[in-house]
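Reader: I am a first-year student, and I would like a close look at a single part of this model. Please begin at one residue and then work outward through the strands around it.

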Amino acid sequence: MIFSSIHNGDSFEHYPQAIQIALDYLKGHDFLTMEPGVYEIQGRDIYAQVFDANTVPMEQKRPESHEKYLDVQFLASGRERLGFAKNTGCFPVAERIPERDLIFYETVDAEGFIESRPGCFCIFFPSDLHRPEVISGEPMKVRKVVVKVSVALL
């Protein structure tokens, strides 16, 4: 897992090229003026999902992971808490949705939380479980962008 801000002035040249492409896309767009939807960056190998969500109590969000894609989660507006934990392979699976490359878990151990503000991004690899859109302070609508990067590119 990597957590940083798109505004830190970093060129991101030390990241793999596919992740650099995702971060450059995030730096180069105003997501507050874009319509929600899916935007292809490099076909289905790298694409962005722009959407609005409401933050909710932790108990209402299930931890999740992905096998074929990593997530570059970017917060365009609002604030949220993001849960994270190492995917040990030992947590009970609640639901698997293969066509969405999505695995939900019943519970996780040793979960930490990050406070995300506009401009923050978090890269979740398949080895990371994450719990997005958790309330930070009070419930609110957030604008998020999740850039999906095929792990085959790494």
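Where is Leu153 found, relative to strand E12?

Author: Leu153 is found in the segment after E12. Keep in mind that this is a predicted model. Every value below is computed from it.

Leu153 has a relative accessible area of 33%. Buried means under 20% and exposed means over 50%, so a value in between makes Leu153 partly exposed. If neighbours within four places in sequence are left aside, Leu153 is in contact with Ala18, Gln42, Asp45 and Ile46. Ile19 can be compared with Leu153 in another way: 134 residues separate the two along the chain, while their C-alpha atoms are separated by 9.1 Å.

From Leu153, step back to the strand that precedes its segment. E12 covers residues 141-150, and 9 of its 10 residues are buried, so the strand is mostly covered. Its place in the sheet can be read from the strand order. The sheet is open and has 6 strands, in the order E1-E10-E5-E12-E3-E2, with antiparallel pairing. Strand E1 (2-5) and strand E2 (37-42) stand at the edges; each has a single partner strand, so one side of each is left without a neighbour in the sheet. From one strand to the next, the twist averages 20°. In the order given, E12 stands between E5 and E3.

Take the E3 side. E3 and E12 run antiparallel and are joined by 9 bridges. Three pairs show how the two strands are matched. Asn54 has Lys141 in E12 as its bridge partner, Ala53 stands opposite Val142 in E12, and Val50 is partnered with Val145 in E12. On the E5 side, 8 bridges join E5 to E12, and these strands also run antiparallel. Phe74 has Val145 in E12 as its bridge partner. Val145 therefore appears in two of these pairs, with Val50 and with Phe74, which can be put next to the general rule. Strands of a sheet pair through backbone hydrogen bonds, either parallel or antiparallel.

Next, go from E3 to the edge. E2 and E3 are antiparallel and joined by 5 bridges, and Val38 stands opposite Gln49 in E3. The two strands form a hairpin with 3 residues between them, and Gly43 in the turn has a positive phi of about 60°.

That value leads to two further residues with a positive phi. Most residues other than glycine have a negative phi. Ala110 is not a glycine, yet its phi is positive, at about 55°. Ala110 lies in the loop between E8 and strand E9 (112-116), and at 78% relative accessibility it counts as exposed. Glu133 also has a positive phi, near 60°, in a residue other than glycine. Glu133, however, lies in strand E11 and is buried, with a relative accessible area of 8%.

Several of these strands meet again at the largest pocket. The space in that pocket is about 450 Å³. It is lined by 23 residues, and the closest to its centre are Gln49, Glu64, His66, Arg100 and Leu102. Gln49 is the E3 residue already met opposite Val38. At least two lining residues come from each of strand E3 (46-54), strand E5 (69-77), strand E8 (102-105), strand E11 (128-134) and strand E12 (141-150). By class, the lining has 11 charged, 8 nonpolar and 4 polar residues.

One more residue ties in with E11. Lys86 is in strand E6 (residues 80-86) and counts as exposed, at 60% relative accessibility. Leaving out residues up to four places away in sequence, Lys86 touches Phe91, Ser127 and Leu129. Lys86 and Asp128 are 42 residues apart in sequence, and the C-alpha to C-alpha distance is 4.9 Å.

To return to the start: Leu153 is partly exposed and follows a strand that is mostly covered.

Technical notes:
Residues numbered from 1 in each chain as written. Predicted model: local features only at pLDDT ≥ 70, side-chain atom pairs only at ≥ 80, totals over all residues. Heavy atoms only, no water. 1 Å grid on protein atoms, 1.4 Å probe; cavity = no way out; pocket = protein on both sides within 12 Å on 5 of 7 lines; lining within 4 Å. Points joined across faces, edges and corners; volume = space filled by probe spheres on them. Helix = DSSP H or I, 4+ residues; strand = E, 2+ residues; numbered from the N terminus. Nonpolar A, V, L, I, M, F, W, Y, C, P; charged D, E, K, R; others polar. Buried < 20%, exposed > 50% of the residue type's maximum accessible area, 1.4 Å probe, protein only. Contact = heavy atoms within 4.5 Å. Pairing = 2+ DSSP bridges. Axes fitted to C-alpha atoms, helices over the stretch in contact; angles between N-to-C directions.
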